[in-house]
Amino acid sequence: MDKLDLARYILSAVFAIGGMLAFIGAVTGGEWLLGNRDVKALVGKRHRRAVQAVYAILGLAIVAMAVALIL
């Protein structure tokens, strides 16, 4: 395994963890995600369910990017 393969696996792991956190936070309605000061700008203007759906879709897309990096 050369350095580029190792970097690709590390980047893929970071994407997978971030995507899973976003997806889990959206599905469970986690206050730790949706109560964040930066996210409140989105939640205040839109329905909370819509923001949860966007985060779930983005989380799955980021996990898909992680899988694509490995393949």
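The accessible surface of the chain adds up to about 5200 Å², and 71% of that belongs to carbon and sulfur atoms. Accessible areas here come from the Shrake-Rupley method with a 1.4 Å probe, and for residues only the protein chains shown count as cover. Buried residues make up 24% of the 71 residues in the chain; buried means under 20% relative accessible area, exposed means over 50%, and partly exposed covers what lies in between (1.4 Å probe, protein chains only).

All of this comes from a predicted model, where local features need pLDDT of at least 70 and side-chain atom pairs count only at pLDDT 80 or more, while totals for chains, interfaces and linings use all residues. Residues are numbered from 1 along each chain as its sequence is written, and side-chain values use heavy atoms, with hydrogens and water left out. The predictor's confidence in each residue is pLDDT, which runs from 0 to 100. Its mean over the chain is 87, with 97% of the residues at 70 or more. Among the elements, helix α1 (residues 3-28) has the highest mean pLDDT, 92, and helix α3 (residues 40-45) the lowest, 70. Where pLDDT is low, the predicted coordinates should not be read in detail.

As for the overall fold, the chain has four helices and zero strands. Both kinds of element are DSSP runs numbered from the N terminus: helices are H or I with at least four residues, strands are E with at least two. From the N terminus on, the order is simply α-α-α-α. The chain is more spread out than a compact globule, because its radius of gyration is 14 Å, well over the 11 Å that the globule rule gives for 71 residues. That radius is taken over C-alpha atoms, and the globule rule is 2.2 Å times the number of residues to the power 0.38. Along the principal axes, the C-alpha atoms fill a box of roughly 45 × 20 × 20 Å. Contacts (heavy atoms within 4.5 Å) tell another part of the story: among those between residues at least 6 apart in sequence, 55% join residues at least 24 apart.

Two buried residues give a look inside. S12, in helix α1, is buried with a relative accessible area of 3%. Leaving out residues up to four places away in sequence, S12 touches A66, L69 and I70. Q52 sits in helix α4 and counts as buried at 10% relative accessibility. With the same sequence neighbours left out, Q52 touches A26, G29 and L34.

On the outside, M1, L6, Y9, I10, V14, V67, I70 and L71 form a nonpolar surface patch with about 860 Å² of accessible area together. Patches take residues with over 30% relative accessible area and no salt bridge, joining like charges within 9 Å and nonpolar side chains (Val, Leu, Ile, Met, Phe, Trp, Tyr) within 5 Å. Helices α1 and α4 (48-70) each supply at least two residues of this patch, and α1 gives the most, with four. V14 lies in helix α1 and counts as exposed, at 51% relative accessibility.

Side chains of opposite charge can pair when their charged atoms come close. The structure holds one salt bridge, meaning a side-chain nitrogen of Lys or Arg within 4 Å of a carboxyl oxygen of Asp or Glu. The partners are R8 and D5, at 3.7 Å from N to O. Both lie in helix α1, three residues apart, about one turn of the helix. R8 is partly exposed at 28% relative accessible area, and D5 is partly exposed at 27%.
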